[in-house]
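Reader: Hi! I have just started learning about protein structures. Could you walk me through one and show me how the words fit the values?

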Amino acid sequence: MSSNFRISRAFKNAKRICFNKDSKFILFSDSHRGNNGFADDFAHNRNMFKHALEHYYNNDFTYIELGDGDELWENRNFSTIFRANKHVYLLLKKFHDKNRLHFIWGNHDMKYKNPTTIRKNLHYYYDSVTDNKKELLIGASFSEAIVLEDENTNKKIFLLHGHQADWFNYVFWRLSSFLVKILWKPLQILGFSDPTSPAQNFKERIKVEHKLEKWIEENNNQMMITGHTHRPRFPAKNEIPFFNDGSCVHPRSITGIEIEKNEITLIKWHIITKENGTMQVKKTILEGPENLTHYMN
């Protein structure tokens with residue numbers, strides 16, 4: 001099965017969401033929410049991530065997570081992930097209760113292909129204060145891909161994680177998960193990088209991006225937004241319409257993509273130090289905004 005076949009299948013079977021000029025979306029991916037241990041790359045950004053999500057919730061954005069939200073390769077027990085990030089999940093619940101939350105599964109949370117895993121991990125949580133279970137994300141669903149479709153023009157934006165172009169982390173994801181859990185997690189603590197990860201291996205990253213670009217070219221320059229490689233991308237108007245929202249585990253920031261008023265913007269949330277010595281979480285525009293019509297065919 002080729003990467004072209006996997007991407008085409010994801011596009012064909014994608015969840016469809018209509019949008020218009022009043023729609024507002026924030027796209028993040030690759031949070032890799034962990035257990036706050038030594039190998040948890042999300043730990044140093046989780047409060048920044050929560051602050052950003054609060055901003056988007058208060059401003060009526062819909063949150064779409066483009067895969068690898070939960071780090072299910074390094075952590076056998078989801079309850080440890082939840083305890084470390086309870087404030088984040090309770091905020092996700094607020095989006096969910098307003099029907100403004102959509103998940104795409106990536107390679108590190110590919111277990112969410114199974115509805116049983118979703119129910120087990122996300123439907124309820126244990127509240128130690130009241131000593132009983134409480135509702136969390138009942139009814140939450142995960143898709144391999146999502147297509148945003150303009151309700152006026154029927155033009156589309158293709159959203160997926162991007163590991164469909166990474167044969168090892170798609171076809172052999174169970175083996176890759178095993179290697180990460182047994183081998184690379186301990187080595188990560190010592191400073192070694194996983195050579196099978198496109199996010200940490202330049203050659204693998206280029207291969208994945210090339211395959212995704214090739215699919216776009218062969219499919220009428222279909223606009224695509226992915227994650228997976230952790231490298232933000234925002235093409236010029238005359239380039240292949242291939243975007244990447246980056247990740248939420250950059251050393252000092254999180255990056256994402258906003259879609260608002262039929263415009264697309266690559267943004268960064270980071271911490272700045274003010275003259276009075278206080279620290280502030282700030283949003284900075286990296287690229288855009290650009291009108292979607294420049295990229296949608």
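Reader: Which residues in α4 are buried?

Author: Good place to start! Keep in mind that this is a predicted model. In α4, the buried residues are V88, Y89, L91, L92, F95 and H96. Each of them has under 20% relative accessible area, so each counts as buried.

Reader: What makes these buried residues line one face of α4?

Author: Look down the axis of the helix: the buried residues of α4 fall within an arc of 160 degrees, so they line one face. Among the elements that cover them are α2 (46-58), β3 (62-66) and α5 (115-122).

Reader: How do you know what span is expected for α4?

Author: Helix α4 covers residues 86-97, which is twelve residues. The expected span is 1.5 Å times one less than the number of residues, so for α4 that comes to the 16 Å stated. From first C-alpha to last, α4 reaches 16 Å, close to that expectation.

Reader: Why are α2 and α4 called roughly parallel?

Author: Their axes cross at roughly 15 degrees and come within 10 Å. Angles under 35 degrees count as roughly parallel, therefore α2 and α4 earn that name. Their crossing is left-handed.

Reader: Which residues of α4 do R46, N47, F49, K50, L53, E54, Y56 and Y57 in α2 meet?

Author: Those α2 residues meet H87, V88, L91, L92, K94 and F95 in α4. Of these, V88, L91, L92 and F95 are also among the buried residues of α4.

Reader: And what comes just after α4?

Author: There you find N99, with a positive phi of about 55 degrees.

Definitions and conventions: Residues are numbered from 1 along each chain as its sequence is written. This is a predicted model: local features need pLDDT of at least 70, side-chain atom pairs count only at pLDDT 80 or more; totals for chains, interfaces and linings use all residues. Side-chain values use heavy atoms; hydrogens and water are left out. Helices (H or I, at least four residues) and strands (E, at least two) are DSSP runs, numbered from the N terminus. Buried means under 20% relative accessible area, exposed over 50%, partly exposed in between (1.4 Å probe, protein chains only). The arc is that of the directions from the helix axis to the C-beta atoms. Contact means heavy atoms within 4.5 Å. Axes are lines fitted to C-alpha atoms, for helices over the stretch in contact, and angles run from 0 to 180 degrees between N-to-C directions. Angles under 35 degrees count as roughly parallel, over 145 as roughly antiparallel, 65 to 115 as roughly perpendicular and the rest as oblique. A crossing is left-handed if the near helix is turned anticlockwise from the far one by less than a right angle, and right-handed if clockwise.
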